[in-house]
Amino acid sequence: MSIQIENLIKIYGKQKALDGISFKTEAGEIIGLVGPNRAGKSTLMKIISCYLPQTSGNAFVCGFDVIEQSIEVRKKVGYLPEHNPLYLDMYIPEYLSFVAGIYKLGKTTNVRVAEMIEITGLLPERRKKIGALSKGYRQRVGIAQALIHNPDVLILDEPTSGLDPNQILEIRNLIKAIGKEKTVLFSTHIMQEVEAVCDRVIILNHGKILTDQKTEEIHKYLNTSIQLISIEFDKPVEEALLMNIPGIIQVEKMDGNLWKVKANKEKDIRPLLFNFAVEHNVTVLSMNMEEQSLEETFFRLTKNK
């Protein structure tokens, strides 16, 4: 068992950042920690990484207590905080050698630095100072320093924040490759990130766990509760008329005469949509049942809570 959290509470003054959360992770899992701002994601990661003590409850990493055995925990954890702290005037190998020295890697330092530069895709930029790198490559340097001591658990706080689409894809692929051998816990508020990378999703809000499920199980939950249909008519129709169809929860006009229709899944809404078209003298050009995304789960679980 890589991470074990038991009834963890963290209070800042009058604010309860974590409110009695509990979960366990296994080796080889990539877990997405998802939630809106102030949900408690960063606080949880800092406690697991021994940067911050909890108010009460227990946290263990590879069987070691984060309070009583913090040195052993730090040996097992690699951590990339949201604001990646780097020495911009250092060259990449120089910086990684410096971090390796902190972990007392000794004679293996040069080998580990070379391995990290290759694994994280830094080879083309290895002769540059960190200050001359793009943000995407700086994130790679941050991941390399988190991995330099070969930890069992990798913790990444918003690792793709501020990156362009190509950089995001590269970092996602890197995380998936790392996750084959290690436990990876990373926070994000981008649901597409979770769908693309994670085996499991933990959704936090106001310091509480709202759901903890495998990614595919969340899709099953969505698909058994609500149906989402895209439908295109040959002529304009009024929103109010669509909303009068029994079972419809919400409609959204897209481009032209294309609509997104959300309805309860108690009854297939498609025959009613065809009947609607006949009654209002319009033709259905296309109709598709869509799989709902994790964005919908996030919205439904966190709104008004």
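This text leads the reader through a helix crossing, several aromatic pairs and one loop residue. The structure is a predicted model.

Consider first the two helices α3, residues 92–102, and α4, residues 109–119. Their axes come within 9 Å and cross at roughly 125 degrees. Because an angle is called oblique when it belongs to none of the parallel, antiparallel or perpendicular ranges, α3 is described as oblique to α4. The crossing of α3 and α4 is right-handed. On the side of α3, the contact is made by I92, P93, L96, S97 and A100. On the side of α4, T109, V113, M116 and I117 take part. By character, the residues of this contact divide into seven nonpolar and two polar, with no charged residue.

Helix α3 also takes part in an aromatic pair. A search of the whole structure finds four aromatic pairs, and one of them is formed by Y87 and F98. The centres of these two rings are 5.6 Å apart, with 85 degrees between the planes. Since planes over 60 degrees apart count as edge-to-face, the pair of Y87 and F98 is given that name. Y87 lies in the loop between β6 (77–80) and α3, whereas F98 is in helix α3 itself, so the pair ties together parts that are eleven residues apart in sequence. How accessible is Y87? Its relative accessibility is 46%, and Y87 therefore counts as partly exposed. F98 is likewise partly exposed, because its relative accessible area is 36%. Together with Y95, Y87 and F98 form one aromatic cluster.

A further pair is made by the rings of F233 and F276, whose centres are 5.9 Å apart. The planes of F233 and F276 stand at 55 degrees, so this pair is tilted. F233 lies in strand β11 (residues 226–233) and F276 in helix α10 (residues 270–279); the pair therefore ties together parts that are 43 residues apart in sequence. Are these two rings' residues buried or exposed? F233 is buried, with a relative accessible area of 1%, and F276 is buried too, with 3%.

F233 leads on to N257, which lies in the loop between β12 (248–253) and β13 (258–264). Leaving aside residues up to four places away in sequence, N257 touches F233 along with I231, E232, D234, K235 and P236. Residues under 20% relative accessible area are called buried. N257, at 19% relative accessibility, therefore counts as buried.

Definitions and conventions: Residues numbered from 1 in each chain as written. Predicted model: local features only at pLDDT ≥ 70, side-chain atom pairs only at ≥ 80, totals over all residues. Heavy atoms only, no water. Axes fitted to C-alpha atoms, helices over the stretch in contact; angles between N-to-C directions. Helix = DSSP H or I, 4+ residues; strand = E, 2+ residues; numbered from the N terminus. Parallel < 35°, antiparallel > 145°, perpendicular 65-115°, else oblique. Left-handed = near helix turned anticlockwise from the far one by under 90°. Contact = heavy atoms within 4.5 Å. Nonpolar A, V, L, I, M, F, W, Y, C, P; charged D, E, K, R; others polar. Phe/Tyr/Trp six-rings, centres within 6.5 Å; stacked < 30°, edge-to-face > 60°. Buried < 20%, exposed > 50% of the residue type's maximum accessible area, 1.4 Å probe, protein only.
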